[in-house]
Amino acid sequence: MQYAAVARILGIFLIVHSFGLIPPLLISFNIGDGQYMDFIKPLMITLGSGTLLWFFFRNAKHELRRREGFLIVAAFWLVLSAFSALPLMIGGHLNFVDAFFEATSAFTTTGSTVMTGLDHTAKSVLFYRSELQWIGGMGIIVLAVAVLPLLGVGGMQLFRAETPGPFKDEKLTPRIAHSAQHFWVIYIGLTLACIIGYVLSGMSLFDAFVHSFSTLSTGGFSSHDASIAYYNSLPIEIVTEVFMFLGAFNFSIHFLVFRRLNFGYYVRNPEILTFALIVAGSVLIVALVLYFEHTYASFFTALRHSAFTTISVITSTGYTTQNFAIWPTMVPVFLMFISFIGGCSGSTAGGMKVIRVMLLFKQGYRELLQLVHPAMVRPVKIAGRPIPAAATMGIWGFFAWYVALFVLAMLLLMLGGMDQVTAFSAVTTCINNMGPGLGKVAVNFRDIDDYQKVILSFCMLIGRLEIFTLLVLISPRFWKN
Amino acid sequence: MKIIILGAGQVGSSLAENLTTEANDITLVDHNPDLLRALQDHLDIRTVQGEASYPEVLASAGADDADMIIAVTDSDETNMIACQVAYTIFHTPTKIARVRAVEYLNHTQLFAQEALPIDVLISPEQLITDNIRRLIETPGALQVLDFADGQVQLVGVKAYYGGPLVGNELRRLREHMPNIDTRVAAIYRRNRAIIPEGHTVIEADDEVFFIAAKKDIRAVMSELRRVDNPYKRIIVAGGGNIGRRVAMSLERKYQVKVIDHNAPRTQLLSSELESSIVLYGDAADQDLLLEENIENTDVYCALTNDDEANILSSMLAKRLGARKVMTLINRAAYVDLVQSGDIDIAISPQQVTIGSLLTHVRRGDVVRVHSLRRGAAEAIEAVAHGDASSSKVVGRRIEELKLPPGTTIGAIVRGNDVIIAHHDTRIESEDHVILFVINKKYIVDVEKLFQVGFTFI
Amino acid sequence: MQFSVIQRILGLLLVMFSFTQLPPMIVSLFYTDGELVAFFYTFAATLISGIVLWLPVKNQKKELRPRDGFIVAVLFWSALGLFGALPFILAVQPHASFTNAVFESISGLTTTGSTILSGLDQLPKSILYYRQQLQWLGGMGIIVLAVAIMPMLGIGGMQLYRAETPGPMKDNRLTPRITETAKALWYIYLTLTIACAIGYWLAGMDVFDAIAHSFATVSIGGFSTHDASLGYFSQHPTVEIVAIVFMLLSGANFALHFAVWRSRNIALYFRDSEFKTYLTILAVVAAVTSLYLYHMDIFVYFNRAILHGVFETVSIATTTGFTTKDYYTWPSFVPVLLIFTSFVGACAGSTGGGMKTIRFLLIIKQGIREVMRVIHPNAVVTVKLDNKPLSDHVISAVWGFFSAYVAIFSIILLLLMLTGLDQVSAFSATAAAINNLGPGLNVVAANFSKISDTAKWILIFAMLFGRLELFSLLILFTPSFWRR
């Protein structure tokens with residue numbers, strides 16, 4: 001293990017990350033909300049720690065390998081989340097656990113919040129929260145498109161060959177730097193488009209920035225307690241739906257589409273196609289239940305709310321226009337379940353990812369056919385290409401761990417005295433990086449105790465790091481040289 | 001005609017055997033001296049031992065004045081290079097090569113005259129696949145041959161009790177089916193050919209060859225036997241080159257299962273095939289066949305490259321209840337052995353391949369030749385050229401033609417029209433005439449008939 | 001598909017099943033509770049239907065194929081479940097509706113133990129006896145299914161056991177092997193039942209209750225003759241201990257019992273990794289439960305906490321479903337923990353439900369292997385069980401089973417909620433049914449009478465799904481199964 005190299009990279013991360021505090025600082029100065037010290041102090045601390053780390057290990061320029069990759073990925077989210085909590089501790093007057101929860105939730109693009117009274121919170125803080133999600137989103141794209149396939153986490157080695165850019169085994173940096181540039185350009189482009197869309201549909205410029213940041217990152221922080229319901233505007237809902245949906249696409253497909261200017265790539269991608277079908281089906285199911293249970297008078301209203309909520313949930317954004325926790329019968333639980341599916345791989349969305357769900361289904365069906373034809377040989381195929389056994393096994397393992405950790409986290413929460421519905425939804429929403437829950441955590445997470453907040457923070461990290469990255473770190477074998 | 005055959009394998013040697021009886025000058029090239037000696041012993045051919053693509057070897061085989069070179073060695077590459085050599089050094093007019101690999105065949109520009117100078121590409125696997133596909137598309141037929149791009153088919157069926165025409169004279173066919181035109185080209189009764197006349201009575205177990213437009217085939221067959229329902233469930237034993245192609249060409253329309261006993265091969269097959277079910281196991285495993293509902297299978301095709309395994313597994317499948325079994329049999333001797341027994345249809349790769357080679361050997365403008373009944377009979381599609389003065393056929397009615405004995409004109413394709421031949425049908429220039437020749441020794445006469453006379457320029 | 005052979009077998013099954021109406025008739029005569037007629041009509045109806053089915057095809061003696069095995073397994077539970085419902089409908093008491101009767105009967109035959117009846121203590125003895133007997137018969141069926149048929153069909157990785165099970169082995173021919181195996185296993189089953197009944201009797205139950213509860217214990221069913229379940233005998237704490245012992249034994253693989261009995265070597269139990277895992281899981285969960293109960297002051301005395309903690313853990317985790325205290329009133333951590341444990345369930349080849357310990361063990365091993373594979377992408381790691389490497393076929397079958405279990409659980413949960421059940425009730429009801437456990441939480445804590453008919457039918461399917469190890473029922477919904 002090249003600890004020095006890891007420390008050096010981490011130092012650089014911290015230095016770069018500290019610059020993220022400058023925009024909210026400028027806003028604070030500009031508006032004069034008196035919060036600027038809350039950003040200057042963390043800026044000094046983060047920049048200082050980063051520089052120190054970097055300075056001590058500046059000569060450790062070893063080539064990074066898989067092992068360091070796991071460590072860096074985990075450290076990126078854990079350490080940056082901790083440092084990101086500083087402005088909230090100082091400015092948001094939250095205690096450390098709350099601030100850490102909020103920062104982790106932002107950085108993993110979950111969007112669960114412990115803060116209330118957002119409408120009266122300083123603008124710079126609101127901007128900072130959304131910006132954190134946006135930065136987290138940038139990290140996730142690189143993680144999901146470039147790093148995880150290399151590390152072969154949960155069957156994601158599938159995408160190794162498909163991603164553009166040069167590919168050299170075992171050497172992480174050149175390839176990642178290369179792909180990152182491409183994807184960030186698209187990410188920034190989409191964010192700008194989203195801002196324009198919001199402004200055109202009547203949002204103020206500040207709100208447009210804040211919301212576009214958390215829309216594209218499928219995070220879900222809003223600058224209002226009422227979330228998107230604050231605007232009660234159909235155009236804004238539609239803009240949000242479109243960009244949440246786009247944010248949940250595989251960014252390498254976006255890349256292909258933009259480079260070749262051929263929208264056919266979207267339709268030809270089996271994962272995106274399945275994702276669109278699942279979304280359409282879920283929207284319809286929810287709308288029908290809402291309509292037949294007389295929650296909304298007209299089918300159109302039911303469809304409008306169903307479409308917004310379903311897309312928001314399945315892309316793991318977590319914006320709300322209606323309090324879906326009080327929707328009738330199975331709808332809240334159904335929404336929780338579909339958040340497990342999540343968006344496409346290589347997107348900013350959470351959940352297990354559509355490709356894995358697709359493969360789980362195909363493999364399950366294959367097992368069924370195998371019973372009818374015991375001698376049958378039949379690989380699972382996506383778009384006519386057989387999936388290697390290692391990837392299928394990886395996906396099974398991923399699924400089992402997902403379920404296991406879900407159950408474990410739920411039991412741990414209940415051990416702390418939480419009721420079943422709240423515990424179920426809290427773990428679901430955090431492990432899938434979605435945002436709102438049911439029961440006591442339907443609106444925000446302020447009323448649960450610190451022990452539960454820490455567990456949920458870890459759930460967010462586990463979900464974001466696709467489980468295996470963290471599992472690997474706690475396995476003794478990893479540390480043996 | 002001077003012909004050099006490269007490769008004395010299954011196809012090469014049986015081709016030599018077929019051509020040598022027609023007063024051709026055959027030279028066979030192979031690198032296996034034993035094989036050549038054995039062939040030379042019982043055939044009137046010349047043999048040259050050596051690597052087929054070397055110019056010296058070709059020269060010593062008489063490539064200088066050869067009319068045709070047929071490259072059918074095991075290796076695609078040798079075949080292609082041999083044709084190149086023949087073209088560049090010896091200027092051989094007609095070059096035929098067997099190329100199996102789809103990887104080459106997919107790029108047609110490779111075989112343009114300026115690239116690889118091959119005039120005719122033959123792919124036995126593809127021919128056999130097409131043959132099997134036609135048989136499966138025409139339930140009940142023993143043989144289905146395409147003419148004029150599939151507009152006309154020659155179909156061989158066995159007449160059974162219960163067919164309306166069985167026990168009746170041929171001329172009743174018209175009364176039975178006033179709207180459908182067909183012509184019975186030949187009848188084989190206990191392996192002997194009968195020249196069909198209007199008063200010929202069809203008996204049960206006769207093998208009847210008739211020619212009709214493709215759409216009418218089913219109706220005609222229903223006159224001769226109870227018509228089988230269209231096939232649906234097919235088991236292919238052996239996932240080699242042929243089995244794979246057959247499965248690929250059938251899987252869209254039929255429920256296909258492929259059995260192979262080679263694990264890596266099944267992996268490959270299952271990734272290439274879309275909807276077929278690939279089974280790993282021994283095709284002669286009774287339990288496996290039962291498990292896969294052999295008793296409800298319409299067609300069992302044994303397509304491995306092992307004759308004995310094919311025959312045995314086919315017999316087993318038939319015993320277990322498969323409705324039809326088709327078996328690929330390389331050795332001619334086995335074909336006779338099994339044909340009248342449990343195995344419904346024996347497919348001989350040589351016979352299928354040779355037809356397409358013979359097409360290019362025949363004089364006159366012959367578009368298609370199908371070799372039948374182990375080469376004893378032939379069905380020919382020839383084009384009539386010229387006018388009444390230069391051609392022996394154009395402008396004449398069929399009854400006026402001096403056809404050799406045992407030769408029937410079945411149909412004429414004029415543009416897109418299919419005309420079933422009657423005694424008063426007049427042949428025009430550019431007609432495609434489909435003939436059935438019961439005895440091969442009259443082929444030469446047929447060729448002469450379709451050659452344009454000297455007056456034609 | 002050989003429908004005539006299946007019809008013949010079904011006919012025979014019904015004829016045999018009709019004779020199981022005789023013991024309750026005797027009980028009815030003995031106690032003169034006036035329900036004789038109900039059982040007699042059921043006897044006659046079942047016998048006649050059986051004969052009518054059997055007569056036209058009585059000469060069909062073709063061998064059963066594995067594929068027919070799926071249908072026979074499904075028919076065993078569904079057809080017998082329907083006929084077994086007759087006494088509940090015909091009896092003066094409880095005079096159940098069709099839905100309720102089928103629910104009760106299927107719950108009995110699948111050894112689930114969920115009931116729609118209340119006021120058990122006032123019901124006629126013959127009906128009470130009949131319910132227990134249904135579970136016991138279901139248990140007999142399950143042993144054959146689990147030990148002999150499932151490995152043959154290879155459901156969810158159970159081909160693992162193909163070579164290990166005793167008796168002569170002839171591939172593709174179900175019958176000779178099954179009769180051999182079944183006989184041996186039934187002897188063990190019978191022995192355990194008798195021992196259990198004696199144990200209960202010695203612990204203080206009367207003869208009727210001892211027999212009745214031994215039926216429900218050894219079959220891992222969980223029906224009781226009292227509303228308070230085993231809590232009725234709270235003045236005899238030894239009853240709980242007897243129950244714990246026999247639930248533990250019945251939750252073990254019967255093939256393992258057979259091996260121990262034949263070789264007279266108890267040590268075999270502790271050489272079996274599934275059995276060891278089974279005990280470990282139970283011990284850990286029981287410890288957590290007991291400590292938590294003590295810690296939360298549910299029980300003042302530590303030994304009470306231990307006894308109830310262990311009893312409830314064993315009862316729920318083996319999917320029996322007996323209760324002593326109203327465990328659903330405990331802090332919700334315990335019921336949810338125990339319900340999650342019931343997903344692991346008993347050992348394969350036992351009368352218990354759930355996913356089975358062996359599968360859980362394999363999932364853990366493979367989960368660890370996947371982590372290893374991420375660390376060392378080029379390493380070749382084989383999953384071993386008792387030092388024997390497992391084939392990829394078995395492994396992916398187990399994965400497939402696990403995913404299907406989770407998927408079907410989620411779908412049934414949503415469907416139940418659609419009928420208006422709250423989340424906790426729906427969650428526990430689904431788990432209780434699919435794991436063949438029995439009691440649930442909230443609305444379905446004491447019994448299932450308060451839920452709608454639609455919900456009951458959904459749960460009937462869930463019980464069948466769980467009992468038939470999902471795939472034997474799922475497979476009937478695939479077109480390629482019916483394609484000839």
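The paragraphs below walk through a predicted model, beginning with its chains and ending with its nonpolar cores.

A good place to start is chain A, whose secondary structure consists of 20 helices and three strands. Its radius of gyration is 22 Å, close to the 23 Å that the globule rule gives for 481 residues, so chain A is as compact as a globular protein of that length. Measured out along the principal axes, the box filled by its C-alpha atoms is roughly 70 × 65 × 55 Å. Burial reaches 57% of the 481 residues of chain A. Contacts in this chain often bridge long stretches of sequence: of those between residues at least 6 apart, 70% join residues at least 24 apart.

Chain C can be described in the same terms. Here the count is 20 helices and two strands. With 484 residues, the globule rule gives 23 Å, and the radius of gyration of chain C is close to that at 22 Å, so this chain too is as compact as a globular protein of its length. The C-alpha atoms of chain C occupy a box of roughly 70 × 65 × 50 Å along the principal axes. Buried residues make up 55% of the 484 in chain C. Of the contacts in chain C with a separation of 6 or more, 70% come from residues 24 or more positions apart.

Chain B brings in many strands, with 22 of them alongside 15 helices. Its radius of gyration, 23 Å, is close to the 23 Å that the globule rule gives for 457 residues, so chain B is as compact as a globular protein of that length. The C-alpha trace of chain B spans about 60 × 60 × 40 Å along its principal axes. In this chain 47% of the 457 residues count as buried. Residues 24 or more positions apart supply 61% of the chain B contacts with a separation of 6 or more.

A sheet in chain B deserves a closer look. It is open and built from six strands with parallel pairing, in the order β3-β2-β1-β4-β5-β6. At its edges stand β3 (46–49) and β6 (120–122) of chain B, each with a single partner strand, so one side of each is left without a neighbour in the sheet. From one strand to the next, the twist averages 15°.

Strand β1 of chain B, residues 2–6, is joined to the parallel strand β2, residues 25–30, by five bridges. Four bridges link β1(B) to β4(B), and these two strands also run parallel. Ile4(B) gives a handy view of both pairings: its bridge partner in β2(B) is Thr27(B), while in β4(B) it stands opposite Ile69(B). Strand β1(B) is mostly covered, with four of its five residues buried.

Helices also pack on this sheet. Helix α4 of chain B, residues 76–90, touches β1, β4 (68–71) and β5 (94–98) of chain B, and its direction makes about 170° with that of β5(B). Helix α14 of chain B, residues 349–361, touches β1, β4, β5 and β6 of chain B, with its direction at about 170° to that of β6(B).

Back in chain A, one residue offers a local example. Thr108(A) is found in the loop between α5 (96–107) and α6 (123–151) of chain A. This loop residue counts as buried because 30 C-beta neighbours lie inside 10 Å of Thr108(A), where 20 or more are needed. Setting aside neighbours within four places in sequence, the contacts of Thr108(A) are Trp77(A), Gly136(A), Asn433(A), Met460(A), Leu461(A) and Arg464(A). For Gly136(A), the separation from Thr108(A) is 28 residues in sequence, yet the C-alpha to C-alpha distance is 5.9 Å.

The nonpolar cores complete the picture. The largest has 301 residues, and the members that touch the most others are Leu413(A), Val427(A), Cys459(A), Ile467(A), Ala243(C), Leu416(C) and Leu470(C). Beyond its neighbours within four places in sequence, Leu413(A) is in contact with Met418(A), Ala423(A), Ala426(A), Val427(A), Gln452(A) and Ile455(A). A second core, separate from the largest, contains 145 residues, including Ala237(B), Val256(B), Ala302(B) and Met326(B).

Methods:
Residues numbered from 1 in each chain as written. Chains lettered and ligands numbered in written order. Predicted model: local features only at pLDDT ≥ 70, side-chain atom pairs only at ≥ 80, totals over all residues. Rg over C-alpha atoms; globule rule 2.2 N^0.38 Å. Buried ≥ 20, exposed ≤ 12 C-beta atoms within 10 Å, placed from the backbone. Contact = placed C-beta atoms within 7 Å. Pairing = 2+ DSSP bridges. Axes fitted to C-alpha atoms, helices over the stretch in contact; angles between N-to-C directions. Core = buried A, V, L, I, M, F, W, Y, C linked by C-beta atoms within 7 Å.
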